Structure formats: structure tokens, C-alpha cells
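Colleague: I want to go through this model with you, label by label. For each label, tell me what earns it.

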Amino acid sequence: MKSKAEAEKLVSIGDPLVIQYGFEELENSRAVGRAFDDRAGAFTILEAARLLSKMTTQCEVHAVATVQEEIGLRGARTAAFGIEPDVGIAVDVTFATDHPNIGSVVNQEGKVELDGGPVITRGPNINPKLFELIVKTAKEEKIPVQIVAEARGTGTDANAIQLNRAGVATALISIPLRYMHSPCELLSLKDLEAVSKLLAAVVAKITPRTNFIPF
Ligand SMILES: [Zn+2]
């Protein structure tokens with residue numbers, strides 16, 4: 001716009017805007033689109049729920065697509081309070097560090113590759129027993145995973161879930177994503193499938209007797 005008056009003909013103060021960019025499939029099961037962060041997470045959770053509907057479960061399962069994660073984990077906070085879960089697994093995207101313009105981020109985030117499978121975080125935000133259950137299940141299901149460490153609370157819904165009420169056994173499963181927070185985020189559909197399969201297999205193993213007390 002050339003002036004405030006010109007802009008005000010089209011939008012009002014506070015209108016939310018996005019750059020319109022559709023979903024496009026690329027070669028080798030890769031896809032590009034807008035806001036895969038975190039529509040990809042919502043997809044994998046719903047797909048896991050679909051897989052679980054054909055499996056035997058021994059716990060009550062809630063699938064939640066949270067709002068306002070990027071501005072302070074706000075939806076996860078209210079959802080966790082409302083549901084009051086014993087266990088919570090957050091699904092988010094994480095930086096794939098396997099492309100040329102990633103620069104020094106790879107030094108901090110470690111090596112994360114597209115098609116490398118679900119990224120499982122370890123650290124104080126994560127319940128050690130739940131972490132072990134996820135890694136063990138991945139091995140049994142022959143799903144390759146990538147393990148990363150986060151020495152603090154993560155910037156994801158896992159942080160809000162863990163700190164809910166008197167504390168929740170929490171884990172974080174992430175989807176490798178290139179060009180995060182741009183209108184052309186890029187991921188592997190194979191990774192999405194692997195995350196859903198792993199999520200469903202882990203949830204199917206949790207029973208009322210599963211003990212998440214760390215030591
Ligand atoms: Zn984000």
C-alpha cells in the first residue's frame with residue numbers, strides 16, 4: 001500500500017492475514033505448503049486416532065489440535081487443564097538441518113534429516129519412562145527415529161502439558177521440517193506416516209498399570 005488510507009480500504013486494524021499458498025506434492029514423497037507448522041502435527045494426531053480406532057486400547061485417548069502454540073502454548077495449557085491427562089505426547093515440527101542454508105543452526109539443533117523418521121526429544125521436559133517406551137516401540141515397529149536433546153523446557157506444547165496441575169508424564173515427537181515459518185515449508189510424507197504409526201503403537205501400549213515414575 002502507498003498510504004494508510006489505501007490500506008484501510010482493504011483491511012481493518014487487527015485483521016489476521018496469511019500469504020495464500022496451496023499444498024503441492026514434490027518428487028520422492030515430499031510436499032510443500034503453508035503452515036505445515038503445525039497442521040502437520042494435527043494431521044498426524046488425527047491419523048493416529050484413525051489407526052487406534054482399529055486397534056485395542058486400554059486407556060482413554062484424547063486427540064487435541066491446540067490453538068495459539070506460537071504465542072505462548074496457550075491452547076495446550078487450557079486443553080491440558082480441561083482434560084487432566086496422566087500422559088501427554090505433543091507433536092510438533094522441528095528444524096530439518098539437512099539443507100545448505102541452515103547455517104549454524106545445525107550446530108545447536110544437531111543433525112535432523114527429512115525421511116529420517118520421527119524426532120524424539122530427551123531432556124528435563126520429557127518423562128524418561130515415556131521416552132524409553134517411545135524408543136522401544138519404534139524399534140519393535142521398525143520405525144527409524146532421530147534422537148535429540150533439549151537441556152531446558154522445549155518451546156512446544158510439551159512444556160505446557162508437563163507443567164499442568166501437579167505435573168504430567170510428557171513426551172515430544174517432532175516432524176522434520178525445512179524452511180520453517182515461511183509460506184513454503186517442506187516435509188516428507190513418509191515422516192508423517194511414521195509419526196502417526198509410532199504414536200498409535202505407543203498409545204496402544206499404555207495401560208492403567210503403566211508406571212511413569214522416573215526412578
Ligand atoms: Zn513454529
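Colleague: Which strands form the open sheet with antiparallel pairing, and in what order?

Modeller: Three strands, in the order S1-S2-S7. First, some ground rules. This is a predicted model: local features need pLDDT of at least 70, side-chain atom pairs count only at pLDDT 80 or more, and totals for chains, interfaces and linings use all residues. Residues are numbered from 1 along each chain as its sequence is written. Helices (H or I, at least four residues) and strands (E, at least two) are DSSP runs, numbered from the N terminus.

Colleague: What makes S2 and S7 a pair?

Modeller: Two strands pair if DSSP finds at least two bridges between them. S2 (residues 30-33) and S7 have 4 bridges and run antiparallel, so they pass that test. Gly-33 stands opposite Glu-185 in S7.

Colleague: Why are S1 and S7 called edge strands?

Modeller: Each pairs on one side only.

Colleague: Which strands form the mixed sheet?

Modeller: S3-S6-S4-S5, in that order, and this sheet is open too. S3 and S5 (146-149) have a single partner strand each, so one side of each is left without a neighbour in the sheet. Neighbouring strands are turned by 30° against each other on average, direction ignored.

Colleague: What makes the pairing mixed?

Modeller: Look at S6. S3 (residues 87-95) runs parallel to S6, with 9 bridges. S4 (residues 119-122) runs antiparallel to S6, with 2 bridges. Among the residue pairs, Asp-92 partners Ser-174, Val-93 stands opposite Ile-175, and Ile-120 stands opposite Ile-173.

Colleague: How do you know that S6 is covered?

Modeller: A residue is buried if 20 or more other C-beta atoms lie within 10 Å of its own, exposed if 12 or fewer, and partly exposed in between, with C-beta atoms placed from the backbone. In S6, 9 of 9 residues are buried. Both faces are covered: Ile-173 and Leu-177 are among the buried residues on one side, Leu-172 and Ser-174 among those on the other.

Colleague: Why is Met-180 called partly exposed?

Modeller: Met-180 has 15 C-beta neighbours inside 10 Å, so it falls in the middle class. Met-180 lies in the loop between S6 (169-177) and S7 (185-188).

Colleague: What does Met-180 contact, beyond its neighbours in sequence?

Modeller: Leaving aside residues within four places in sequence, Asp-37, Val-93, Phe-95 and Glu-185. Contact here means that two C-beta atoms, placed from the backbone, lie within 7 Å.

Colleague: What makes the length of H7 fit a helix?

Modeller: The expected span is 1.5 Å times one less than the number of residues. H7 has 17 residues, which gives 24 Å, and the span from first to last C-alpha is 25 Å. The two values are close.

Colleague: How many residues of H7 are buried, and what covers them?

Modeller: H7 has 12 of 17 buried, including Leu-192, Val-195 and Leu-199. The cover includes H2 (36-52), S3, H5, S6 and S7.

Colleague: Where do H5 and H7 meet?

Modeller: Leu-133, Ile-134, Thr-137 and Ala-138 in H5 meet Leu-198, Ala-201, Val-202 and Lys-205 in H7. By class, that is 6 nonpolar, 1 polar and 1 charged. Ala, Val, Leu, Ile, Met, Phe, Trp, Tyr, Cys and Pro count as nonpolar, Asp, Glu, Lys and Arg as charged, and the others, Gly among them, as polar. The axes of H5 (residues 128-140) and H7 (residues 189-205) come within 9 Å and cross at roughly 115°. Axes are lines fitted to C-alpha atoms, for helices over the stretch in contact, and angles run from 0 to 180 degrees between N-to-C directions.

Colleague: What makes Asp-115 and Lys-142 stand out in phi?

Modeller: Most residues other than glycine have a negative phi, and most peptide bonds are trans. Asp-115 has a positive phi of about 70°, and Lys-142 one of about 55°. Neither is a glycine. Lys-142 sits in the loop between H5 and S5.

Colleague: Why is Lys-142 called exposed, and Asp-115 partly exposed?

Modeller: Lys-142 has 7 C-beta neighbours inside 10 Å, so it counts as exposed. Asp-115 has 17 within 10 Å, so it is partly exposed.

Colleague: Which peptide bond is cis?

Modeller: The bond from Asp-37 to Asp-38, with omega near 5°. Asp-38 is in H2.
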